[in-house]
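Here's a quick briefing for anyone opening this one up for the first time. Have a look at the entry below, then read on.

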Amino acid sequence: MPSSWIDGAPVVTSGTTHQVINPANGSTVAELALATATDVDAAVASARAALPGWKNATPAERSSVLAKLAELAQAHADEIAAEEVSQTGKPVRLATEFDVPGSIDNISFFAGAARHLEGKASAEYSGDHTSSIRREAVGVVATITPWNYPLQMAVWKVIPALAAGCSVVIKPAEITPLTTLTLARLATEAGLPDGVFNVVTGSGIDVGTALAGHSDVDVVTFTGSTAVGRRVMAAAAVHGHRTQLELGGKAPFVVFEDADLDAAIHGAVAGALINSGQDCTAATRAIVARNLYDDFVAGVAELMGKMVVGDPQDPDTDLGPLISAMHRDRVATMVADAPKEGGRVVTGGQIPELPGSFYLPTLIADVTESSEVYRNEIFGPVLVARPHDGDDDALRQANDTEYGLAASAWTRDVYRAQRASREINAGCVWINDHIPIISEMPHGGVGASGFGKDMSDYSFEEYLTIKHVMSDITGVAEKGWHRTIFTLR
Ligand code: NAD
């Protein structure tokens, strides 16, 4: 099976053989050869060669290729969802109702955005010149994506770049490359010129490092952990390349004293358990008003206990496995250590008797502010909770983190909602909900969660440069401003 897609065609690369494993049962989904640094060079050269043609295509031409891609993705939606389920273990309901339709909608959005360049109005700002703004494709984009939402992350990075007229080389996580390869194949089928969209499958150390530090790319975008994101930024900085980083999160879920308790309980369970908690915006820290705290903890534990954990292919399954046994064991260790720092495991905290890398939905109450499970990303189906003593304390706790990706505030008081949305330091604040995203609105964090945006017109901006063109309109040789430089006496 081809492991990479270079210059509009599948390529069997020369690196070591790698098996894509279904984490729900340990079976081999695909076997592929990984790419090497030499393949990265070939992919970047292909993207460089394809750039002028695609950059100079009209917005309408780019738009129609993306619209066709959305149509093809829709026609292959079931096949793509099945691939995503088998390589990630996510429940089929999530893949068919969230990952795949969300990705297709995003492609459709950028088919429109491709025709919607914006900038300042041309005018004679100096009096003697007409100033105008050109928006141009930034060039060759190198992008690196994680395993939790392989298709969506690829779409969020690649599609706005294509809409802007850039060419792309993407490195998906080597454990989940399949839907990214399918996306590239469909893009070629949709009429995307060869070389505009290349995929190199390989490990972070080999292929990721080679791509992030490549001298012949123009911008490096990344979604993944904060630690690796900083390494990617350092590699790109060697060449002075522009970067965009979507990193980790530790989202606060703030329940104020007047909140609708039932809504908060349902929101916390949905927000914490989506994709088995392997979601950078997942609700991870419940900070709950003391008058509601005990009922919240009891309600969340009861609802978590009702989740159906098992075969991701079964439409009745709520929770699939974690991505690998290694990751599951890491989550299990963090939970097992929580009581040493004062946490109380109210429900879950166990590995169920199932063949894959499953972990039960878990609630840890009474965690201290300094404990590891409160401060660090767990990236599993684990919610931690602690009480707060009023609005000031709640907002202080919400902001007591290096991350700033997403947050939610639960209240029926409009003033509290406004204050929370203003004061919580995050790229997104939901009011009385947690998780929904939409193509028209941006996603991206602050602080250790990175910078720059995915989705929406804001992400389109990441792939465009701003050029000022200033044209003399006087037609005279001796211009008025020359007097500042020299006077001809
Ligand atoms: P990761 O950082 O381990 O890996 C991400 C990607 O980087 C993978 O393709 C990996 O192969 C590659 N990589 C690893 N080392 C590299 C190196 N030295 N140089 C270049 N590339 C390298 O992250 P992960 O475990 O795949 O994903 C989980 C993380 O991603 C979590 O921290 C999560 O919060 C974050 N995430 C963030 C967002 C967001 O939008 N902010 C979205 C999804 C996931």
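How many residues surround the ligand, and which are the closest? There are 28 around the ligand, and the closest are Thr145, Ser225, Leu247, Glu377 and His443. Keep in mind that this is a predicted model. The rest of the briefing goes through the ligand's contacts and then the two pockets.

**Around the ligand**

- Glu377, one of the closest residues, also makes a polar contact: an N or O atom in the Glu377 side chain sits 2.5 Å from an oxygen atom of the ligand.
- Leu247, also among the closest, uses its backbone instead, with an N or O atom there lying 2.6 Å from a nitrogen atom of the ligand.
- Trp147 joins in through its side chain, where an N or O atom is 2.9 Å from an oxygen atom of the ligand.
- On its own the ligand would expose 840 Å², and the protein buries 89% of that.

**The largest pocket**

- The largest pocket comes in at a volume of about 1300 Å³.
- It's lined by 48 residues, and Pro146, Trp147, Ala173, Ser225 and Val228 are the closest to its centre.
- Two of those names turn up around the ligand as well: Ser225 is one of the closest residues to the ligand, and the Trp147 side chain has that 2.9 Å contact.
- Strand 3 (17-21), helix 7 (204-212), strand 9 (219-223), helix 8 (226-237) and helix 11 (325-337) each chip in at least two lining residues.
- Helix 8 gives the largest share, with six residues.
- Sorted by class, the lining has 23 nonpolar, 19 polar and six charged residues.
- Where does this pocket lie relative to domain 1 and domain 2? Since domain 1 (4-247 + 455-469) and domain 2 (252-431) both give residues to the lining, the largest pocket lies between them.

**The second largest pocket**

- The second largest pocket has a volume of about 380 Å³.
- Its lining is made of 19 residues, with Arg93, Leu94, Ala270, Ile274 and Asp318 the closest to the centre.
- Helix 4 (92-113) and helix 9 (261-273) each supply at least two of the lining residues.
- Helix 4 has the largest share here, at four residues.
- By class, this lining splits into eleven nonpolar, four polar and four charged residues.
- Domain 1 (4-247 + 455-469) and domain 2 (252-431) both contribute to the lining of the second largest pocket, so it lies between them.

Conventions
Residues are numbered from 1 along each chain as its sequence is written. This is a predicted model: local features need pLDDT of at least 70, side-chain atom pairs count only at pLDDT 80 or more; totals for chains, interfaces and linings use all residues. Side-chain values use heavy atoms; hydrogens and water are left out. On a 1 Å grid over the protein atoms alone, a cavity is a set of points where a 1.4 Å probe fits but cannot get out, and a pocket is an open set with protein on both sides within 12 Å along at least five of seven lines; lining residues have an atom within 4 Å of a point. Grid points are joined across faces, edges and corners, and a volume is the space filled by probe spheres set on the points. Ala, Val, Leu, Ile, Met, Phe, Trp, Tyr, Cys and Pro count as nonpolar, Asp, Glu, Lys and Arg as charged, and the others, Gly among them, as polar. Domain bounds come from an automatic or database domain assignment. A residue is near a molecule or strand if one of its heavy atoms lies within 4 Å of it. A polar contact is a pair of N or O atoms within 3.5 Å; within protein, one must be able to donate a hydrogen and the other to accept it, and residues adjacent in sequence count only if both atoms are side-chain atoms. Accessible areas come from the Shrake-Rupley method with a 1.4 Å probe; for residues, only the protein chains shown count as cover.
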